[in-house]
Structures are given as C-alpha cells and as structure tokens.
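Here is a short tour of a protein–DNA model for your next coffee break. Have a look at the structure first, then read on.

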Protein chains: 4
Amino acid sequence: MTEKQDKILSSALELFANEGFNATSTNQIAKKAGVSEGLIFKHFKNKKGLLDALYVQVEGKLGAGFTQIIFETDPKKVLKITIESPFMIPHEDYDFWRLQFKLKWESDYYNPEKMQPLIDKLAWAFEELNYETPEMEAKLLEQMIETIMVAILRQGKESQLAYKDFLLKKYEL
Amino acid sequence: MTEKQDKILSSALELFANEGFNATSTNQIAKKAGVSEGLIFKHFKNKKGLLDALYVQVEGKLGAGFTQIIFETDPKKVLKITIESPFMIPHEDYDFWRLQFKLKWESDYYNPEKMQPLIDKLAWAFEELNYETPEMEAKLLEQMIETIMVAILRQGKESQLAYKDFLLKKYEL
Amino acid sequence: MTEKQDKILSSALELFANEGFNATSTNQIAKKAGVSEGLIFKHFKNKKGLLDALYVQVEGKLGAGFTQIIFETDPKKVLKITIESPFMIPHEDYDFWRLQFKLKWESDYYNPEKMQPLIDKLAWAFEELNYETPEMEAKLLEQMIETIMVAILRQGKESQLAYKDFLLKKYEL
Amino acid sequence: MTEKQDKILSSALELFANEGFNATSTNQIAKKAGVSEGLIFKHFKNKKGLLDALYVQVEGKLGAGFTQIIFETDPKKVLKITIESPFMIPHEDYDFWRLQFKLKWESDYYNPEKMQPLIDKLAWAFEELNYETPEMEAKLLEQMIETIMVAILRQGKESQLAYKDFLLKKYEL
DNA sequence: TATGAATGAGTATTCATTCAT
DNA sequence: GATGAATGAATACTCATTCAT
C-alpha cells in the first residue's frame, strides 16, 4: 500500500461517508487525494472497488471493536463496555462508522449477521445475570447501542452523554 | 394534480426510496411514469423539486401517524399504540417510509425536531406512569421504535414481531 | 429521421469508412456533424448503434445494386452488367462501399451469404452459356468483381479500367 | 532479441491480427505477454513501434513465400505453385497474414507495390505460355490469389479447396 | 533489463435541463 | 398540458506513455 493509495482511500472514505457514494465523483476523490484520476482505477479497478476496499477496512474496525467485549468474562462488565463503546470511538474514526451505517442501506453491503458475535456475548451476559429472556434483551441492547451510535455520528458525542448514564443505571452497572 | 403528475410522483417515490435520490435519473422516472422527460421539469421545476413535493407528502403521512397517539389520554395506551405503530404501517406505505429514513442520511432533509411531538407525548405518558426519568425513557423508546421500523422496512414485518411482545411486556402493557 | 440525425449518420459514415470504427471518436463525429455529442447517444444509443444504423443502409444499397442484375433475362447481359457494375458506382457512394469492405473484417458484421443472390444469378447465366462448371465460374467472377471493387475504392476507378475490357473480352461479351 | 521481447511481439501479433491495431491496448499486450507495460515502451518506443517491428517480420515472410516462385523456371510450375501457395500456409502463420491484410486497410501501411515481383514473374509465365495479355492475366491471377487467401484466413482452408482444382484446371496445369 | 507507480489527455456515455412545437 | 429534439457539463473509466527504482 503506497502513500498515494492510502491518500485515495482516506479521501474516498471522507467523501463517501459525508456526501454518499453516488454523490461523490471520482474526480472529487482524485482532487482531494492530490492524485490523477486514473490512479484510482489502476489501484482499485472501479469506483465500486474503492468502496469494497473501504468496506474491508470497516469490517476490520468492527471486529477490532468487538474483541475487548468478546474476551471479557465478567457479565456486568460486558454490558458496561458495550454501553460505553459508542462513546469511546475516537473522533478520527467517525467517518468509518458513518460509512458503515450508510452502507446498511445499500443492499450489496447490508449484512445483518455481522453483529451476531456481539449479540451472542450480550445474551450470555444477560443469562448470567438471570434476565428472563436473555436473547431478546441482547438484541434490544444491541439495537439501542446502534441507535445511539447513529445519533452520536450525526449530532456529536455530547448530545448523547445522558443516555450512557441512563442505560448504566437501567442495567444497574 | 393531474393523473400524469401523480404518476410522476409515485414513480419517483418508488425509485428514490429503493435506489436513492442520486442513483435515480430523471430519465428512469419518466420511463417508469410513461411520460416525457420534459414534463417532469414542467411540473416540478427540477429534480430537487420532485423530492420536495414527495417530502411534503411524507411529512403529511408522518403527522397523520402521530395524531392518534397525540390525542390518546390513557398513558398506557400511548405507549402501546407507539410500540404497535411500526407494525400497523400498510405495505403500500413502505416506500414512503423508506424514503423518509433514507433522507435522514441526505443532510439537506434531516430534521431531528420532526419527532418532537411524539417524544413529548411519550414523556408525558412515562411521567404519568411514574417513571424516574420520563424524558429519557421517551427518547429511548422513540429511538427504539425508529430502529424497529428500519428493520421492518428492510427485513419485513415478521422478522420483528417478537420485539413487539417483548416491549409490551417490558413496559407492562 | 431529423436533419441532425441524418448529419450524424453521414459524418459517421465518412469517418468510419476512412479512419475505421475504432479510430473514430464520437467527439469527432459530433464535431463533424455540428451537433452535441450527447445527441448521438439519444438517437443511436451506442457508438455501435451508429454502426448498426449504417450497416442497414449499406445492406439496402447492396440489395438495390443487385436488382438490375437479378431481373436481367439475357445471360450475356447479366455477365456484362456484373463486370461493369464496380465502375458504375457514383463517387458519393464510395464511403458506403469502403465501410462495407472494412466491416468484412469485423466478425460481427461479416456475412458471406449476402452475395448469394448475385452468385446464383451468375451461375444461371453461365449455365445458359454452357460453361462446364457454372457454379464455380460464378463464384470466381463474383470474387474478381469484389477484388476489382476493393482496388477501385483504394486506387480510384481509372486505375482499374483495363480490367473491364479484359474481362469483357475474356467472357466474349 | 530477448525472450520477453519475443513474447511481446508474438502477443501483439495475435491481438493486432484478430482485434485490430486500434482495438488492442498496450495493457492487453503486456498482460498476454506476461510482462510489465513499461517494458513494451523500453523495447519498442511506442505502440506504433510494435507494429513497425511486426511489419518487418511480415515483409520477411512475404519475401520468403515469393522466392520459391521467383526461382522457378518452368512457367506452368510458376502458375501451379502460385495457385497452391495460399493452401500451403502453415496454420501458425495465419496471424501473420491476417495482420498483413488488415494493414491494407490502415492507410499508413498500404503499399501496393509489394506484390510487384510476383506479378512480374506471373506475367513472364503467361507470356511463355502465349497468353494474349500476359500482364493483365498476371494481375488478375494475383488478385484472385489474394482474395482466396482472405477467404482462407476467415473461413478456413477447407472452404476454398474447390477453387484450387478449378483454377488448376482453368489454367490447364 | 525490468517493474509498477503515476500521469494527463482522451473515451464513450449519462445527466439534468431547456426549448420549439 | 405534453412531447421529443437538443444541449453542455459531468461521469466513470481507458489509454499510451514516463519515470524513479
């Protein structure tokens, strides 16, 4: 991965995440990256190829975000880390996540099973804590977390801080 | 509103909702509507004008959906109707809602205050039911409802049915 | 067929015939025709669509060229007209024929059966004139005529005039 | 001439002969040859340089094909060898000849005088055999041979076999 | 000798939009 | 109200070619 290749990807990420895939032209990407338009196609074949490359990165980040939760053995801590995780995302990763959520609407990239490992772990935690329907609780919490993340990405971290305390209290953490 | 005008709008709705605004060309709309491309511009000035016209319709539907909840006086029923509402949407309105949610990601049209009347009513209901932080509960429930709607629009009503019962039970309705 | 449509076709014919299909850009065609590049695609869908439209015209000319020969009842005259035909082509049709011969090398357009009606008529004439293998003689003459046409298209009518007399004498016409 | 140089030339020959010069990209050639695109330009300066290099080879083959005829002293044998020559071309040389004929239509390379030595020899043979207009007969036979070659290159040797016998008989060989 | 990164001009094609009828 | 011809700017993508390594 050369420096220019990197620059292309990061420029594309920023534009795709904020303007959308279709609303972003390869010309814009090239200009922002400071490279010739042709180079994009040399390295990524397609505009779609660019998105694919970004998607791989996004999936990587997603997996990395999971690991801490997956390896936690204290059920209460599992819930706590999960609830806090949207607030821990470094600002420079916001575009990654924005893209991730935008892609949910593009059927080619929509994969609801991606979150399954997280849901499974949460279900395990709720079971340990003797919740009645742990599976359902897990799904619900996961959805709430996603919802909060979307709000953070759109309105900023601060606007959602109250939620964190509210949820922590709700789950007695 | 002539018949052709109507046909243009409904074709545009279907395409915008499923392919996205940018990914839909006026040519496609004209073909689907069975009219000349020029007519679109006669009636709606430009492509954005089409979206604006649809947006008005969407807002109408949104408001109509609210009224039943707004005028309900039994707090428990307010929550019940809210939770059940995503499952009551008739199938022919799905495109309307899909467009509504897609527009959330197209900055120009995102208006988070649109849901405020619903949130206020929910907050009132939670207060009546002596919840500790009714405002917070209201926002959370509203977000969960949105999340469920998104899931319904993407995966169908059936996939989310379990949530309804779960939430109704959770809120003791 | 509007005037501009006509202009596009004639410009394309001239360029395709002299520069070749691949060597001609739609930009060149548009400029020569004095229209916007977009119009080419509105009317002919593709660059290939342009070639297809020309091909139809070429086939028409070819058929028209045959009729006089096909309806001739005197076998000697059939041969005479055939031999003279390459020299009768009006200069403004040269591009048509140049394209016709160029297309022979593009498999999509190569159709060796196109000449069959002519060959059949020649075979009939040679039979009437008691040639031993009329079918073979017909094919040979047809090939010679094609060869002479190619030479005319490349080097001009005058360069090949001697052939006409030579062939007329050879076949005792 | 290194191995890679050779591979580039043979790949270019195959592509130019079958797809055409303009329709073939240096990228395709490089890929088929298994070398980097840059190497083509190191060795042949530019795309045209490649064609020039091939042209030299084609001219060599052409010359080689002539020698047997040129040095023949029996006039009947001269005609016989000439008529049989298109059928003697080894299959692996077909691309060479295809390119040769395609170039005829690309003006820069068309050189009608290339065949003159053959025509002269044929004229000599026809004179020896007391034909009335030997020069004319020579040109005609040469053109027929070319036409047959084109047909062979496009439709295969077998499709044209009948011609050989027919011509041999016609010239009483 | 050979590579592969990089370019800038060019390619076919699409787009939203205008306008005469 | 409605059409369809026409446009010019933009689009994704390709091309032959250069150059540092």
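A polar contact here is a pair of N or O atoms within 3.5 Å. With that in mind, Asn46(C) makes one: an N or O atom in its side chain is 3.3 Å from a phosphate oxygen of DNA strand E. Please keep in mind that this is a predicted model.

**Polar contacts to the DNA**

- Thr2(A) also reaches the backbone of DNA strand E, with a side-chain N or O atom 3.3 Å from a phosphate oxygen.
- Lys42(C) meets a base instead: an N or O atom of its side chain is 3.4 Å from a base nitrogen of DNA strand E.

**The surface around DNA strand E**

- DNA strand E is surrounded by 34 residues, and the closest are Thr26(B), Phe41(B), Lys47(B), Thr26(C) and Lys47(C).
- Sorted by class, this surface has 18 polar, ten charged and six nonpolar residues.
- Each of the chains A, B, C and D brings its helix α3 (37-44) to this surface, with at least two residues from each helix.
- On the DNA side, 59% of the strand E atoms within 4 Å of the protein belong to sugar or phosphate, and the rest belong to bases.

**How chains C and D are related**

- Chain D superposes on chain C with an RMSD of 0.2 Å after a rotation of 180° and a shift of 0.3 Å along the axis.
- That is the relation of a two-fold axis.
- Both copies use the same surface, as 100% of the contact residues of chain D recur in chain C.

Key:
Residues numbered from 1 in each chain as written. Chains lettered and ligands numbered in written order. Predicted model: local features only at pLDDT ≥ 70, side-chain atom pairs only at ≥ 80, totals over all residues. Heavy atoms only, no water. Least-squares fit on C-alpha atoms with pLDDT ≥ 70 in both. Contact = heavy atoms within 4.5 Å. Near = heavy atom within 4 Å. Polar contact = N/O pair within 3.5 Å; in protein donor to acceptor, adjacent residues only side chain to side chain. Helix = DSSP H or I, 4+ residues; strand = E, 2+ residues; numbered from the N terminus. Nonpolar A, V, L, I, M, F, W, Y, C, P; charged D, E, K, R; others polar.
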